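Biologist: I would like a close look at a single part of this protein, followed outward into whatever surrounds it. Please take the time to give one connected account.

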Amino acid sequence: LFSAIEMAPRDPILGITEAFNADTNPAKVNLGVGVYYDDNGKVPLLECVQRAEAHLIATVTPRTYLPIDGLVAYDKAVQELVFGADSNVIAQKRAITAQAIGGTGALKLGADFLKRFAPDSQVYISDPSWENHRALFESAGFVVNNYPYYDAVTHGVNFAGMLDSLKSMPAGSIVLLHACCHNPTGADLTADQWTQVIEVITTRGLIPFLDMAYQGFGAGIEEDGKVVRRFADAGGPLFVSNSFSKSFSLYGERVGALSIVSADAAESARVLSQLKRVIRTNYSNPPTHGGKVVATVLSTPELRALWESELAAMRVRIKANREQLVDLLKQKAPGHDFDFVKQQCGMFSYSGLTKDQVDQLRNNNSIYAIDTGRICVAALNFSNIGRVVDAICQVL
Ligand code: LMR
(Lines give C-alpha, C1' and ligand atoms only; values in the text may rest on other atoms or scores of the structure.)
Protein backbone atom coordinates (compact mmCIF):
# COMPACT_ATOMS: atom_id res chain seq x y z
CA LEU A 1 0.00 0.00 0.00
CA PHE A 2 2.56 2.59 1.05
CA SER A 3 5.59 1.72 -1.09
CA ALA A 4 4.30 3.58 -4.17
CA ILE A 5 3.24 6.69 -2.29
CA GLU A 6 5.19 9.78 -3.30
CA MET A 7 6.25 12.56 -0.99
CA ALA A 8 3.69 15.36 -1.05
CA PRO A 9 4.98 18.92 -1.53
CA ARG A 10 5.22 20.94 1.65
CA ASP A 11 2.29 23.23 2.38
CA PRO A 12 3.06 26.65 0.86
CA ILE A 13 2.25 28.46 4.13
CA LEU A 14 2.38 26.05 7.07
CA GLY A 15 5.36 24.29 5.44
CA ILE A 16 7.27 27.58 5.84
CA THR A 17 6.49 27.49 9.56
CA GLU A 18 7.83 23.91 9.69
CA ALA A 19 11.08 25.07 8.09
CA PHE A 20 11.19 28.09 10.43
CA ASN A 21 10.71 25.88 13.50
CA ALA A 22 13.59 23.66 12.38
CA ASP A 23 15.94 26.66 11.94
CA THR A 24 18.37 26.99 14.87
CA ASN A 25 19.35 30.62 14.13
CA PRO A 26 18.23 32.61 17.21
CA ALA A 27 17.70 35.70 15.04
CA LYS A 28 15.23 33.96 12.69
CA VAL A 29 12.05 35.84 11.68
CA ASN A 30 8.83 34.23 10.45
CA LEU A 31 7.06 36.58 8.03
CA GLY A 32 5.31 33.61 6.40
CA VAL A 33 2.18 32.53 8.21
CA GLY A 34 -0.66 34.99 8.90
CA VAL A 35 -0.25 35.28 12.65
CA TYR A 36 -0.25 38.51 14.65
CA TYR A 37 2.78 38.91 16.93
CA ASP A 38 3.07 41.74 19.44
CA ASP A 39 6.03 44.07 19.78
CA ASN A 40 7.86 41.46 21.84
CA GLY A 41 7.46 38.91 19.08
CA LYS A 42 4.86 36.94 21.05
CA VAL A 43 1.40 35.76 19.98
CA PRO A 44 -0.85 37.69 22.39
CA LEU A 45 -3.30 36.07 24.77
CA LEU A 46 -6.00 38.73 24.75
CA GLU A 47 -7.19 40.11 28.09
CA CYS A 48 -10.82 39.59 27.04
CA VAL A 49 -10.05 35.91 26.39
CA GLN A 50 -8.31 35.50 29.75
CA ARG A 51 -11.27 37.05 31.56
CA ALA A 52 -13.76 34.87 29.68
CA GLU A 53 -11.66 31.80 30.50
CA ALA A 54 -11.55 32.78 34.21
CA HIS A 55 -15.33 33.04 34.14
CA LEU A 56 -15.64 29.66 32.41
CA ILE A 57 -13.38 27.99 34.95
CA ALA A 58 -15.42 29.51 37.80
CA THR A 59 -18.63 28.15 36.26
CA VAL A 60 -17.20 24.87 35.00
CA THR A 61 -19.65 22.56 33.22
CA PRO A 62 -19.39 18.95 32.02
CA ARG A 63 -18.11 18.40 28.47
CA THR A 64 -21.00 16.72 26.78
CA TYR A 65 -21.41 16.76 22.99
CA LEU A 66 -22.34 20.10 21.50
CA PRO A 67 -25.21 20.21 19.01
CA ILE A 68 -24.05 19.21 15.51
CA ASP A 69 -24.12 22.85 14.38
CA GLY A 70 -22.37 24.08 17.53
CA LEU A 71 -23.08 26.05 20.64
CA VAL A 72 -26.41 27.88 20.33
CA ALA A 73 -25.10 31.02 22.06
CA TYR A 74 -22.06 31.03 19.79
CA ASP A 75 -24.04 30.67 16.57
CA LYS A 76 -26.36 33.50 17.62
CA ALA A 77 -23.57 35.87 18.65
CA VAL A 78 -21.56 35.15 15.50
CA GLN A 79 -24.56 35.60 13.26
CA GLU A 80 -25.21 39.02 14.79
CA LEU A 81 -21.57 39.97 14.41
CA VAL A 82 -21.47 38.88 10.78
CA PHE A 83 -24.81 40.29 9.59
CA GLY A 84 -25.50 42.99 12.21
CA ALA A 85 -27.91 42.53 15.14
CA ASP A 86 -30.61 44.47 13.27
CA SER A 87 -30.19 42.53 10.04
CA ASN A 88 -33.27 41.67 7.97
CA VAL A 89 -31.95 38.23 7.14
CA ILE A 90 -31.82 37.43 10.86
CA ALA A 91 -35.27 38.90 11.56
CA GLN A 92 -36.70 36.91 8.65
CA LYS A 93 -34.84 33.72 9.69
CA ARG A 94 -33.17 33.58 6.30
CA ALA A 95 -29.68 33.08 7.72
CA ILE A 96 -28.27 29.99 9.38
CA THR A 97 -24.91 29.91 11.16
CA ALA A 98 -23.00 26.81 12.21
CA GLN A 99 -19.88 26.70 14.36
CA ALA A 100 -16.95 25.36 12.35
CA ILE A 101 -13.38 24.19 12.91
CA GLY A 102 -11.81 27.56 12.12
CA GLY A 103 -12.29 29.50 8.91
CA THR A 104 -10.76 26.65 6.92
CA GLY A 105 -13.30 24.24 8.38
CA ALA A 106 -16.08 26.65 7.44
CA LEU A 107 -14.83 26.81 3.86
CA LYS A 108 -14.67 23.02 3.70
CA LEU A 109 -18.22 22.65 5.04
CA GLY A 110 -19.43 25.15 2.44
CA ALA A 111 -17.49 23.38 -0.32
CA ASP A 112 -18.86 19.94 0.62
CA PHE A 113 -22.39 21.33 0.90
CA LEU A 114 -22.12 22.99 -2.52
CA LYS A 115 -20.73 19.84 -4.10
CA ARG A 116 -23.89 18.03 -3.00
CA PHE A 117 -26.33 20.64 -4.23
CA ALA A 118 -24.50 22.36 -7.09
CA PRO A 119 -22.33 19.48 -8.30
CA ASP A 120 -21.84 20.81 -11.83
CA SER A 121 -20.85 24.34 -10.85
CA GLN A 122 -17.27 25.47 -11.16
CA VAL A 123 -15.46 27.60 -8.61
CA TYR A 124 -13.69 30.90 -9.34
CA ILE A 125 -11.06 32.33 -6.99
CA SER A 126 -9.08 35.55 -7.30
CA ASP A 127 -5.69 35.54 -9.01
CA PRO A 128 -3.90 35.29 -6.64
CA SER A 129 -5.82 33.99 -3.63
CA TRP A 130 -5.08 32.38 -0.28
CA GLU A 131 -2.95 29.35 -1.12
CA ASN A 132 -5.43 26.90 0.42
CA HIS A 133 -8.56 28.05 -1.46
CA ARG A 134 -7.80 26.14 -4.65
CA ALA A 135 -6.67 22.97 -2.88
CA LEU A 136 -9.67 23.01 -0.61
CA PHE A 137 -12.31 23.36 -3.32
CA GLU A 138 -10.47 20.89 -5.56
CA SER A 139 -10.43 18.37 -2.75
CA ALA A 140 -14.21 18.81 -2.49
CA GLY A 141 -14.37 17.76 -6.16
CA PHE A 142 -14.67 21.11 -7.95
CA VAL A 143 -12.89 22.48 -10.99
CA VAL A 144 -11.29 25.70 -9.73
CA ASN A 145 -10.57 28.65 -12.04
CA ASN A 146 -9.07 32.09 -11.48
CA TYR A 147 -10.60 35.49 -12.12
CA PRO A 148 -8.21 38.43 -12.68
CA TYR A 149 -7.61 40.37 -9.48
CA TYR A 150 -4.18 41.77 -8.73
CA ASP A 151 -2.42 44.26 -10.98
CA ALA A 152 1.31 44.01 -10.24
CA VAL A 153 2.01 47.33 -12.00
CA THR A 154 -0.39 49.46 -9.94
CA HIS A 155 -0.19 47.19 -6.87
CA GLY A 156 -4.00 47.52 -6.85
CA VAL A 157 -6.98 45.63 -8.22
CA ASN A 158 -7.44 44.99 -11.94
CA PHE A 159 -11.09 45.83 -11.52
CA ALA A 160 -12.01 45.97 -15.21
CA GLY A 161 -10.54 42.48 -15.69
CA MET A 162 -12.34 41.15 -12.64
CA LEU A 163 -15.70 42.57 -13.71
CA ASP A 164 -15.35 41.29 -17.28
CA SER A 165 -14.59 37.85 -15.93
CA LEU A 166 -17.63 37.90 -13.62
CA LYS A 167 -19.78 38.90 -16.59
CA SER A 168 -18.64 35.89 -18.59
CA MET A 169 -19.09 33.20 -15.91
CA PRO A 170 -21.92 30.72 -16.43
CA ALA A 171 -24.95 31.14 -14.13
CA GLY A 172 -24.54 29.05 -11.00
CA SER A 173 -20.77 29.53 -10.83
CA ILE A 174 -19.37 29.81 -7.31
CA VAL A 175 -17.35 33.00 -6.79
CA LEU A 176 -14.99 33.09 -3.84
CA LEU A 177 -14.45 36.67 -2.65
CA HIS A 178 -12.41 38.10 0.23
CA ALA A 179 -14.74 40.26 2.32
CA CYS A 180 -11.83 42.40 3.57
CA CYS A 181 -8.04 42.41 3.91
CA HIS A 182 -7.45 40.41 0.73
CA ASN A 183 -5.07 37.52 1.34
CA PRO A 184 -2.35 37.62 -0.02
CA THR A 185 -2.32 41.01 -1.75
CA GLY A 186 -3.81 43.40 0.84
CA ALA A 187 -5.63 45.11 -2.08
CA ASP A 188 -9.37 45.51 -1.42
CA LEU A 189 -12.25 46.74 -3.59
CA THR A 190 -13.75 50.18 -2.96
CA ALA A 191 -17.38 50.51 -1.86
CA ASP A 192 -18.33 51.56 -5.38
CA GLN A 193 -16.55 48.56 -6.91
CA TRP A 194 -18.39 46.25 -4.50
CA THR A 195 -21.68 47.78 -5.69
CA GLN A 196 -20.83 46.75 -9.23
CA VAL A 197 -19.67 43.28 -8.20
CA ILE A 198 -22.85 42.66 -6.19
CA GLU A 199 -24.97 43.77 -9.12
CA VAL A 200 -23.24 41.49 -11.63
CA ILE A 201 -23.28 38.51 -9.26
CA THR A 202 -26.95 39.00 -8.47
CA THR A 203 -28.17 39.61 -12.01
CA ARG A 204 -26.11 36.76 -13.48
CA GLY A 205 -27.21 34.22 -10.85
CA LEU A 206 -23.70 33.53 -9.55
CA ILE A 207 -23.20 32.08 -6.06
CA PRO A 208 -21.10 34.36 -3.84
CA PHE A 209 -18.93 32.79 -1.14
CA LEU A 210 -17.37 35.45 1.09
CA ASP A 211 -14.33 34.49 3.10
CA MET A 212 -13.91 36.83 6.08
CA ALA A 213 -10.88 35.71 8.07
CA TYR A 214 -9.57 39.17 9.00
CA GLN A 215 -12.59 41.16 10.18
CA GLY A 216 -11.33 44.10 12.23
CA PHE A 217 -7.84 44.22 10.71
CA GLY A 218 -8.77 46.57 7.88
CA ALA A 219 -10.75 49.68 8.79
CA GLY A 220 -12.71 48.29 11.78
CA ILE A 221 -15.14 45.55 12.75
CA GLU A 222 -18.20 47.31 11.33
CA GLU A 223 -16.47 48.69 8.26
CA ASP A 224 -14.86 45.36 7.34
CA GLY A 225 -18.15 43.51 7.75
CA LYS A 226 -20.14 45.93 5.60
CA VAL A 227 -19.77 43.99 2.37
CA VAL A 228 -21.34 40.89 3.94
CA ARG A 229 -24.37 42.95 4.92
CA ARG A 230 -24.61 44.43 1.46
CA PHE A 231 -24.59 40.97 -0.13
CA ALA A 232 -27.19 39.79 2.40
CA ASP A 233 -29.44 42.76 1.57
CA ALA A 234 -29.19 41.82 -2.11
CA GLY A 235 -30.81 38.44 -1.28
CA GLY A 236 -29.45 34.89 -1.28
CA PRO A 237 -27.93 32.56 -1.95
CA LEU A 238 -24.89 33.66 0.02
CA PHE A 239 -22.16 31.72 1.82
CA VAL A 240 -19.95 33.39 4.46
CA SER A 241 -17.04 31.75 6.24
CA ASN A 242 -15.51 33.62 9.15
CA SER A 243 -12.75 32.96 11.62
CA PHE A 244 -11.70 34.11 15.09
CA SER A 245 -8.15 32.80 14.79
CA LYS A 246 -6.72 36.25 14.17
CA SER A 247 -9.30 38.62 15.66
CA PHE A 248 -9.31 36.76 19.02
CA SER A 249 -5.76 35.42 18.71
CA LEU A 250 -7.25 31.95 19.16
CA TYR A 251 -5.39 30.19 16.34
CA GLY A 252 -5.09 26.79 18.00
CA GLU A 253 -8.68 26.69 19.26
CA ARG A 254 -9.98 26.51 15.67
CA VAL A 255 -13.01 28.74 16.09
CA GLY A 256 -14.93 29.79 12.99
CA ALA A 257 -18.37 29.61 11.45
CA LEU A 258 -20.22 29.08 8.21
CA SER A 259 -23.31 31.18 7.54
CA ILE A 260 -25.70 30.62 4.64
CA VAL A 261 -28.41 33.03 3.52
CA SER A 262 -31.36 31.65 1.59
CA ALA A 263 -34.71 32.93 0.31
CA ASP A 264 -36.98 32.30 3.31
CA ALA A 265 -37.23 30.62 6.71
CA ALA A 266 -38.47 27.30 5.28
CA GLU A 267 -35.55 27.11 2.85
CA SER A 268 -33.15 27.97 5.69
CA ALA A 269 -34.47 25.13 7.83
CA ARG A 270 -33.85 22.66 5.00
CA VAL A 271 -30.39 24.10 4.35
CA LEU A 272 -29.44 23.76 8.01
CA SER A 273 -30.70 20.18 8.12
CA GLN A 274 -28.45 19.28 5.18
CA LEU A 275 -25.48 21.21 6.52
CA LYS A 276 -25.78 19.21 9.74
CA ARG A 277 -25.42 16.02 7.71
CA VAL A 278 -22.22 17.40 6.17
CA ILE A 279 -20.88 18.18 9.65
CA ARG A 280 -21.98 14.88 11.15
CA THR A 281 -20.21 12.87 8.48
CA ASN A 282 -17.02 14.93 8.80
CA TYR A 283 -16.39 15.39 12.53
CA SER A 284 -19.79 14.89 14.18
CA ASN A 285 -19.89 18.14 16.19
CA PRO A 286 -17.43 20.90 17.07
CA PRO A 287 -15.26 21.28 20.20
CA THR A 288 -16.43 23.33 23.18
CA HIS A 289 -13.78 25.59 24.58
CA GLY A 290 -13.03 28.16 21.85
CA GLY A 291 -16.70 28.56 20.99
CA LYS A 292 -17.55 29.24 24.63
CA VAL A 293 -14.80 31.82 24.95
CA VAL A 294 -15.92 33.71 21.85
CA ALA A 295 -19.61 33.49 22.76
CA THR A 296 -18.87 34.78 26.28
CA VAL A 297 -16.86 37.73 24.99
CA LEU A 298 -19.30 38.68 22.25
CA SER A 299 -22.33 38.53 24.52
CA THR A 300 -20.89 40.25 27.63
CA PRO A 301 -20.92 44.03 27.00
CA GLU A 302 -17.83 44.75 29.11
CA LEU A 303 -15.77 41.95 27.50
CA ARG A 304 -16.99 42.88 24.09
CA ALA A 305 -15.83 46.47 24.53
CA LEU A 306 -12.47 45.16 25.73
CA TRP A 307 -12.19 42.87 22.68
CA GLU A 308 -12.96 45.74 20.34
CA SER A 309 -10.24 47.88 21.91
CA GLU A 310 -7.69 45.04 21.86
CA LEU A 311 -8.46 44.33 18.21
CA ALA A 312 -8.19 48.04 17.41
CA ALA A 313 -4.74 48.10 19.04
CA MET A 314 -3.59 45.21 16.81
CA ARG A 315 -4.95 47.00 13.73
CA VAL A 316 -3.22 50.27 14.65
CA ARG A 317 0.09 48.55 15.32
CA ILE A 318 0.05 46.79 11.95
CA LYS A 319 -0.50 50.15 10.25
CA ALA A 320 2.43 51.61 12.21
CA ASN A 321 4.57 48.65 11.08
CA ARG A 322 3.70 49.43 7.47
CA GLU A 323 4.74 53.08 7.91
CA GLN A 324 7.99 52.13 9.56
CA LEU A 325 8.81 49.49 6.96
CA VAL A 326 8.25 51.95 4.12
CA ASP A 327 10.23 54.73 5.86
CA LEU A 328 13.20 52.46 6.52
CA LEU A 329 13.17 51.09 2.98
CA LYS A 330 13.03 54.66 1.64
CA GLN A 331 16.15 55.52 3.64
CA LYS A 332 18.12 52.39 2.82
CA ALA A 333 16.94 51.62 -0.73
CA PRO A 334 16.11 55.05 -2.16
CA GLY A 335 15.87 53.73 -5.74
CA HIS A 336 12.90 51.52 -4.88
CA ASP A 337 9.36 52.68 -4.26
CA PHE A 338 7.55 50.75 -1.53
CA ASP A 339 4.87 53.37 -0.84
CA PHE A 340 2.20 50.92 -2.01
CA VAL A 341 2.76 48.91 1.21
CA LYS A 342 0.99 51.72 3.10
CA GLN A 343 -2.10 51.43 0.91
CA GLN A 344 -2.44 47.69 1.51
CA CYS A 345 -4.84 46.50 4.12
CA GLY A 346 -4.79 43.73 6.76
CA MET A 347 -1.93 41.55 7.91
CA PHE A 348 -0.16 41.03 4.63
CA SER A 349 1.94 42.84 2.12
CA TYR A 350 2.37 41.48 -1.36
CA SER A 351 5.86 42.88 -1.34
CA GLY A 352 6.88 42.30 -4.94
CA LEU A 353 9.83 40.14 -3.79
CA THR A 354 10.49 37.31 -6.24
CA LYS A 355 10.77 33.64 -5.29
CA ASP A 356 14.51 33.87 -5.79
CA GLN A 357 14.72 36.85 -3.42
CA VAL A 358 12.55 35.04 -0.87
CA ASP A 359 14.91 32.03 -1.11
CA GLN A 360 17.90 34.29 -0.49
CA LEU A 361 16.25 35.88 2.55
CA ARG A 362 15.63 32.45 3.99
CA ASN A 363 19.02 30.91 3.14
CA ASN A 364 21.18 33.93 4.03
CA ASN A 365 19.24 35.58 6.85
CA SER A 366 16.78 33.05 8.28
CA ILE A 367 13.95 35.42 7.29
CA TYR A 368 10.96 33.39 6.12
CA ALA A 369 8.33 34.68 3.67
CA ILE A 370 5.89 32.98 1.30
CA ASP A 371 7.35 32.08 -2.13
CA THR A 372 4.95 34.53 -3.80
CA GLY A 373 6.57 37.42 -1.92
CA ARG A 374 3.77 37.73 0.64
CA ILE A 375 5.04 38.93 3.99
CA CYS A 376 3.14 39.17 7.26
CA VAL A 377 3.57 42.79 8.37
CA ALA A 378 2.14 41.87 11.78
CA ALA A 379 5.28 39.82 12.52
CA LEU A 380 7.59 42.85 12.32
CA ASN A 381 8.66 44.51 15.57
CA PHE A 382 11.17 47.06 16.80
CA SER A 383 13.87 44.47 17.32
CA ASN A 384 13.60 42.63 13.98
CA ILE A 385 12.52 45.33 11.50
CA GLY A 386 16.01 46.77 11.01
CA ARG A 387 17.43 43.34 10.22
CA VAL A 388 14.56 42.56 7.86
CA VAL A 389 15.01 45.85 5.99
CA ASP A 390 18.80 45.35 5.68
CA ALA A 391 18.25 41.86 4.35
CA ILE A 392 15.63 43.04 1.83
CA CYS A 393 18.03 45.75 0.64
CA GLN A 394 20.70 43.10 0.05
CA VAL A 395 18.44 40.99 -2.19
CA LEU A 396 16.84 43.84 -4.14
C1 LMR B 1 -2.33 32.43 6.31
O2 LMR B 1 -2.79 32.79 5.23
O3 LMR B 1 -1.12 32.46 6.56
C4 LMR B 1 -3.25 31.99 7.41
O5 LMR B 1 -4.56 32.06 6.98
C6 LMR B 1 -2.88 30.69 7.99
C7 LMR B 1 -3.23 29.53 7.12
O8 LMR B 1 -3.94 28.64 7.57
O9 LMR B 1 -2.78 29.48 5.97
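**Met347 and its surroundings**

Modeller: Not counting residues up to four places away in sequence, Met347 touches Gly34, Tyr36, Cys181, Tyr214, Phe217, Lys246, Ile318, Cys376, Val377 and Ala378. The model is a predicted one, and every statement that follows should be read as a description of that prediction. Met347 lies in the loop between helix H13 (340-343) and strand S11, and this loop residue is buried, because 28 other C-beta atoms lie within 10 Å of its own, where 20 or more are required. The C-alpha atom of Met347 is separated by 17 Å from that of Leu177, a residue 170 places away along the chain.

Met347 also has a prominent place in the largest nonpolar core, which holds 112 residues and in which Val175, Val228 and Met347 touch the most other members. The element that gives the most to this core is helix H12 (residues 301-332), with seven residues, and the core draws at least three residues from each of domain 1 (14-45 + 304-395) and domain 2 (63-299). In soluble globular proteins, nonpolar side chains tend to be buried together. Val228, named above beside Met347, is in contact with Val82, Phe83, Ala179, Leu210, Met212 and Val240, once its neighbours within four places in sequence are left aside.

The core leads on to the boundary between the two domains. The protein is divided into domain 1 (14-45 + 304-395) and domain 2 (63-299), whose C-alpha centres lie 27 Å apart, and the contact takes 23 residues from domain 1 and 22 residues from domain 2. On the side of domain 1 that touches domain 2, H12 and strand S11 (348-350) each supply at least two residues, and H12 gives the most, with six residues. The residues of that side of domain 1 divide into 14 nonpolar, five polar and four charged.

H12 appears once more in the surroundings of helix H11 (residues 289-299), a mostly covered helix in which nine of the eleven residues are buried. The buried residues of H11 are Gly290, Gly291, Lys292, Val293, Val294, Ala295, Thr296, Val297 and Leu298. What covers them includes helix H2 (47-58), helix H3 (72-83), strand S2 (95-101), strand S10 (255-261) and H12.

Another packing arrangement is that of helix H5 (residues 102-117) and helix H10 (residues 265-282), which pack at an angle of about 115°, with their axes 10 Å apart. H5 passes H10 in a right-handed crossing, and the contact is made by Leu109, Asp112 and Phe113 of H5 together with Gln274, Leu275, Val278 and Ile279 of H10. Taken by type, the residues of this contact divide into five nonpolar, one polar and one charged.

Several loops have backbone features that deserve a careful check in the model. The peptide bond from Asn183 to Pro184 is cis, with omega near 25°, and Pro184 is found in the loop between strand S7 (174-178) and helix H8 (191-204). The peptide bond from Gly236 to Pro237 is also cis, with omega near -5°, and Pro237 lies in the loop between helix H9 (221-233) and strand S9 (238-243).

The loop between S9 and S10 holds Ser249 and likewise Arg254. Phi of Ser249 is near 50°, a positive value in a residue other than glycine, and Ser249 counts as buried because it has 22 C-beta neighbours inside 10 Å. Phi of Arg254 is near 55°, again a positive value in a residue other than glycine, and Arg254 counts as buried because it has 20 C-beta neighbours inside 10 Å, the number at which a residue qualifies.

Thr24 offers a contrast to these buried loop positions: this residue is found in the loop between helix H1 (14-22) and strand S1 (29-30), and with 6 C-beta neighbours inside 10 Å it counts as exposed, because the limit for that class is 12 or fewer. The C-alpha atoms of Thr24 and Ser366 are separated by 9.1 Å, although the two residues are 342 residues apart along the chain.

To return to the part you asked about, Met347 is a buried residue in the loop between H13 and S11, and it is one of the three residues that touch the most other members of the largest nonpolar core.

Technical notes
Residues are numbered from 1 along each chain as its sequence is written. This is a predicted model: local features need pLDDT of at least 70, side-chain atom pairs count only at pLDDT 80 or more; totals for chains, interfaces and linings use all residues. A nonpolar core is a set of buried Ala, Val, Leu, Ile, Met, Phe, Trp, Tyr and Cys residues joined through C-beta atoms within 7 Å. Helices (H or I, at least four residues) and strands (E, at least two) are DSSP runs, numbered from the N terminus. Domain bounds come from an automatic or database domain assignment. Two residues are in contact if their C-beta atoms, placed from the backbone, lie within 7 Å. Axes are lines fitted to C-alpha atoms, for helices over the stretch in contact, and angles run from 0 to 180 degrees between N-to-C directions. A crossing is left-handed if the near helix is turned anticlockwise from the far one by less than a right angle, and right-handed if clockwise. Ala, Val, Leu, Ile, Met, Phe, Trp, Tyr, Cys and Pro count as nonpolar, Asp, Glu, Lys and Arg as charged, and the others, Gly among them, as polar.
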